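Open the structure in your viewer and keep the selection tool at hand. The tour starts with the whole chain and then goes from one selection to the next.

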Amino acid sequence: MSAAMSLPTNPISAGDIRDRLIIGLDVPSVEEARALVTRIGDAGTFYKIGYQLGYAGGLEFARELIGQGKKVFLDLKLHDIGNTVEEGVRSIARMGMTFLTVHAYPQTMRAAMAGKAGSDLKILAVTVLTSYDDSDLVEAGYAPVPAAELVARRAEQARDIGIDGIVCAATEAQRVRSIVGRNRLIVTPGIRPAGAEAGDQKRVVTPAEGIRLGANHLVVGRPIVKAADPRSAAEAIVREIADA
Ligand SMILES: O=c1ccn([C@@H]2O[C@H](COP(=O)(O)O)[C@@H](O)[C@H]2O)c(=O)[nH]1
């Protein structure tokens, strides 16, 4: 993998094309995470730490990754009363993370933006989880609404609050881009290389489709983490991104 691969046409993600792939470090221990990062080597420049690793020493490991020059996306999907979110984000903003997620509720988004003030941390608002389809929203108590409509409504609110970026399925990325404009990030999980198992993801596209639909960053966990050769899996996705 050449460190010189770049994609100059995207105003937000210009720079190392490998940064457009965010690898979900969904493993149970720091030891496994460290071994995986070593195995992936320079094919991985941007890692996501979520619940599984975050609550198993992952916050300290994030500092180690940052020390190695990697970028870290802390995917804690915060949602609480405003004061708690604001103070929590203020603490996280000192840690050198690149991205942090909060749920796309107006109080939560406003509090997070206040908490990160003065830092380089970017707040991403999670609109509708990619494991949800329309019927899951009904089961969760929403009046019948297509997931794509709810994503659009939340993207409008996020834009009005001035959020840095949106998390949605790439199936909604074009519509979200028309709402939030060019200068906000669109980050899409629910990415599966052709033929890979979707697992619990319901709104799924391939890496190439995700990029063509306008995502700035693709989040990929199991297709890399559980691959027999995680480095090759990551390299193949970066190549697909470059080709798209
Ligand atoms: O809507 C969302 C928000 C976050 N995620 C997270 O992304 C990864 C996806 O992992 P895969 O193994 O590639 O399915 C995972 O850590 C989720 O917590 C999401 O999937 N959807």
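What share of the contacts in the chain with a separation of 6 or more comes from residues 24 or more positions apart? Such residues account for 65% of those contacts. Keep in mind throughout that this is a predicted model.

**The whole chain**

Start with everything selected and shown as a cartoon. The chain has 10 helices and eight strands. Its C-alpha trace spans about 45 × 35 × 35 Å along the principal axes. A compact globule with 244 residues would have a radius of gyration near 18 Å, and the 17 Å of this chain agrees with that. Switch to a surface view: the accessible surface comes to about 10,600 Å², and carbon and sulfur atoms hold 50% of it. Of the 244 residues, 51% are buried.

**Residues 20-237**

Next, select residues 20-237. An unreviewed UniProt entry annotates this span as "domain: Orotidine 5'-phosphate decarboxylase". Helix makes up 44% of the span and strand 17%. Now pick the two end C-alpha atoms of the span; they lie 10 Å apart.

**Strand 3 and aspartate 75**

Select residues 71-78, which form strand 3, and find aspartate 75 within the strand. Is aspartate 75 buried or exposed? Aspartate 75 has a relative accessible area of 6%, so this residue counts as buried, the cut-off being under 20%. Show its side chain together with that of lysine 77: the two make a polar contact of 2.9 Å. Then add the residues that aspartate 75 touches, leaving aside those up to four places away in sequence. They are Lys48, Ile49, Gly50, Tyr51 and Thr101.

**Salt bridges across the chain**

How many salt bridges are there? The count comes to 16. Stay on strand 3 for one of them and select lysine 71 with aspartate 19, whose side chains meet at 2.7 Å, N to O. This pair links distant parts of the chain, since lysine 71 belongs to strand 3 while aspartate 19 sits in the segment before strand 1 (21-24), 52 residues apart. Lysine 71 is partly exposed at 31% relative accessible area, whereas aspartate 19 is buried at 13%.

Move on to aspartate 136 and lysine 202. Their side chains also meet in a salt bridge of 2.7 Å, N to O. Aspartate 136 is in helix 5 (residues 134-139) and lysine 202 is in the loop between strand 7 (185-188) and helix 8 (207-212), so the pair ties together parts 66 residues apart in sequence. Aspartate 136 counts as buried at 13% relative accessibility, and lysine 202 is partly exposed at 45%.

**Helix 6 and a network**

Select residues 147-161, which make up helix 6, and highlight arginine 153 and glutamate 156. What separates the two along the helix? They are three residues apart, which means about one helical turn lies between them. Arginine 153 forms a salt bridge with glutamate 156, with 3.6 Å between the closest N and O atoms. Both ends of this bridge are partly exposed: arginine 153 has a relative accessible area of 44%, and glutamate 156 has 28%.

For the last stop, select Asp42, Arg231 and Glu235. These residues are linked in a network of salt bridges.

Conventions. Residues are numbered from 1 along each chain as its sequence is written. This is a predicted model: local features need pLDDT of at least 70, side-chain atom pairs count only at pLDDT 80 or more; totals for chains, interfaces and linings use all residues. Side-chain values use heavy atoms; hydrogens and water are left out. Helices (H or I, at least four residues) and strands (E, at least two) are DSSP runs, numbered from the N terminus. Buried means under 20% relative accessible area, exposed over 50%, partly exposed in between (1.4 Å probe, protein chains only). A polar contact is a pair of N or O atoms within 3.5 Å; within protein, one must be able to donate a hydrogen and the other to accept it, and residues adjacent in sequence count only if both atoms are side-chain atoms. Contact means heavy atoms within 4.5 Å. A salt bridge is a side-chain nitrogen of Lys or Arg within 4 Å of a carboxyl oxygen of Asp or Glu. UniProt positions are given in the numbering used here, feature names are shortened, and annotations may be inferred rather than shown by experiment. The radius of gyration is taken over C-alpha atoms; the globule rule is 2.2 Å times the number of residues to the power 0.38. Accessible areas come from the Shrake-Rupley method with a 1.4 Å probe; for residues, only the protein chains shown count as cover.
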